Amino acid sequence: SRFAKKAPEPQPLPEREPTSNEWKCIECGTINQNYVGTCGCGASRPEDIEPYVERDEPVKPKEEEAPPISTAKTSRFAKKAPEPQPLPEREPTSNEWKCNECGTINQNYVGTCGCGESRPEDIEPYVERDEPKKPNPDDMPARLTRPVLPPTPDREPLESEWKCLTCQRIYENFEDTCPVCGTKRPNMVRQ
């Protein structure tokens, strides 16, 4: 294509000396790692080069060179975390005890508070709870009952209905029993 750009000429690598774990090929000048026995050009590693030389300890960066930690906010929209609010004061229940040292409320089965203070000796590990209050039937609202329907006029039930054989009322198939007379739905009716 006339718009295609010509690839740039490869630039030669800058001249450098091999490190303690490298060797320089006498034929082509390529620097190889010491574990490489033959250069890419075919020349062998010199016999005076050991296959592996123990590396020097890596140079640790000086503390002065470390970049300073920025204390600025990362975003101008960043919000400061709210200050933690103290928990409201409360008294322990029958199954709890309050630490005399730090004020933490612990369950009675906890023998030692998180601060190291032991549970007072007058506190039993477990206090029997009161029996739950049983509901009083008189306090319950009146039970909702289905209104008594008048007998259904002489009509045949639809496919989704059934007709009570005793009182002749028609009900939906999901109802198992006639609420007026208590007659069970016939078995031949599909649900």
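A salt bridge here is a side-chain nitrogen of Lys or Arg within 4 Å of a carboxyl oxygen of Asp or Glu. With that rule in hand, here are the close-ups, all taken from a predicted model.

**View 1. R16 and E22 pair up through their side chains.** The N-to-O distance in this salt bridge is 3.0 Å, which sits within the 4 Å limit. The two partners differ in cover: R16 is partly exposed at 41% relative accessibility, whereas E22 comes out buried at 12%.

**View 2. The whole chain, for context, is built from strands without helices.** There are six strands and zero helices, so reading from the N terminus you get β-β-β-β-β-β. The chain has 191 residues, and 16% of them count as buried. About 17600 Å² is exposed, with carbon and sulfur atoms supplying 54% of that area. Take the contacts between residues at least 6 apart in sequence: 10% of them join residues at least 24 apart. The salt-bridge tally is five, and the pair R16 and E22 is one of them.

**View 3. R155 meets E161 in a salt bridge, and K163 also reaches R155.** The R155–E161 pair has its N and O atoms 3.1 Å apart. R155 is partly exposed, with a relative accessible area of 35%, while E161 is buried at 14%. K163 belongs to strand 5, which spans residues 161–163. What does the side chain of K163 reach at 3.3 Å? It is the backbone oxygen of R155. Leaving aside residues up to four places away in sequence, K163 touches R155, P157, Q168, R169 and I170. Is K163 buried or exposed? K163 counts as buried because its relative accessible area is 16%, under the 20% cut-off.

**View 4. N173 sits in the segment after strand 6.** Strand 6 itself covers 170–172. N173 is buried, at 7% relative accessibility. Look across to W162: the C-alpha atoms of N173 and W162 are separated by 6.0 Å, and the two residues are 11 apart along the chain.

**View 5. R185 and D176 form a salt bridge.** The closest N and O atoms of this pair are 3.0 Å apart. Here the arginine is the buried partner: R185 has a relative accessibility of 14%. D176, on the other hand, is partly exposed at 45%.

**View 6. C113 and C102 bring their sulfurs to 3.6 Å without making a disulfide.** How many disulfides does the structure hold? The count is zero. For C113, the nearest cysteine sulfur is that of C102, at 3.6 Å. A disulfide needs the two sulfur atoms within 2.5 Å, so this pair doesn't qualify. C113 is buried, with 5% relative accessibility.

**View 7. C178 is likewise in no disulfide.** Its nearest cysteine sulfur belongs to C167 and is 3.5 Å away. Why doesn't that count as a disulfide? The 3.5 Å separation fails the test because the sulfur atoms would have to be within 2.5 Å. C178 is buried too, at a relative accessible area of 2%.

Methods:
Residues numbered from 1 in each chain as written. Predicted model: local features only at pLDDT ≥ 70, side-chain atom pairs only at ≥ 80, totals over all residues. Heavy atoms only, no water. Buried < 20%, exposed > 50% of the residue type's maximum accessible area, 1.4 Å probe, protein only. Helix = DSSP H or I, 4+ residues; strand = E, 2+ residues; numbered from the N terminus. Polar contact = N/O pair within 3.5 Å; in protein donor to acceptor, adjacent residues only side chain to side chain. Contact = heavy atoms within 4.5 Å. Areas by Shrake-Rupley, 256 points an atom, 1.4 Å probe, with all protein chains shown as cover.
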